[in-house]
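User: I would like a close look at one part of this model, set in the context of the whole chain. Please explain each technical term when it first appears.

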Amino acid sequence: DLFGKPMSYVTAELPRRVKEALTQDDRIENVTDFTFEKEGKKLHTTFTVVTALGNIPTDLEVEV
């Protein structure tokens with residue numbers, strides 16, 4: 001439901017949604033360090049998934 005929304009809304013909402021989804025897993029302690037890069041209609045984001053076993057750099061691309 002983020003498709004067609006203003007980029008400022010998407011970049012504010014996406015970290016909350018990703019963090020909410022991933023922290024449902026007890027092994028994930030936090031999700032941090034979100035960065036965004038817009039390429040045309042695509043938004044590329046990178047972030048760090050913090051676990052008890054270490055940090056996992058992750059990326060995600062969505063079309064907005």
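How far apart are the mean positions of the 8 positive and 12 negative charges of the chain? With that settled, please examine the sheet closely, and strand β1 in particular.

Analyst: This is a predicted model, in which local features need pLDDT of at least 70 and side-chain atom pairs count only at pLDDT 80 or more, while totals for chains, interfaces and linings use all residues. Residues are numbered from 1 along each chain as its sequence is written, and side-chain values use heavy atoms, without hydrogens and water.

The two mean charge positions are 7 Å apart. Lys and Arg count as positive and Asp and Glu as negative, with His and the chain ends not counted; each charge is placed at NZ of Lys, CZ of Arg, CG of Asp or CD of Glu.

The chain contains one helix and three strands, arranged α-β-β-β from the N terminus on. Helices (H or I, at least four residues) and strands (E, at least two) are DSSP runs, numbered from the N terminus. Along its principal axes, the C-alpha trace spans about 35 × 20 × 15 Å.

The three strands form an open sheet in the order β1-β2-β3, with antiparallel pairing. Two strands pair if DSSP finds at least two bridges between them. Strands β1 (28-39) and β3 (54-63) are the edges, each pairing on one side only. On average, neighbouring strands of this sheet are turned by 20 degrees against each other, direction ignored. Such angles run from 0 to 180 degrees between N-to-C directions, and the axes are lines fitted to C-alpha atoms, for helices over the stretch in contact.

Strand β1 is joined to the antiparallel strand β2 (residues 42-51) by nine bridges. Within this arrangement, V31 stands opposite V49 in β2. Helix α1 (residues 7-22) lies across β1, β2 and β3 and runs at about 155 degrees to β1. Contact here means heavy atoms within 4.5 Å.

One residue of strand β1 deserves separate attention, namely D33. Most residues other than glycine have a negative phi. D33, although not a glycine, has a positive phi of about 60 degrees. Is D33 buried or exposed? D33 counts as exposed because its relative accessibility is 54%; buried means under 20% relative accessible area, exposed over 50%, and partly exposed in between, with a 1.4 Å probe and protein chains only. Of the 64 residues of the chain, 25% count as buried.
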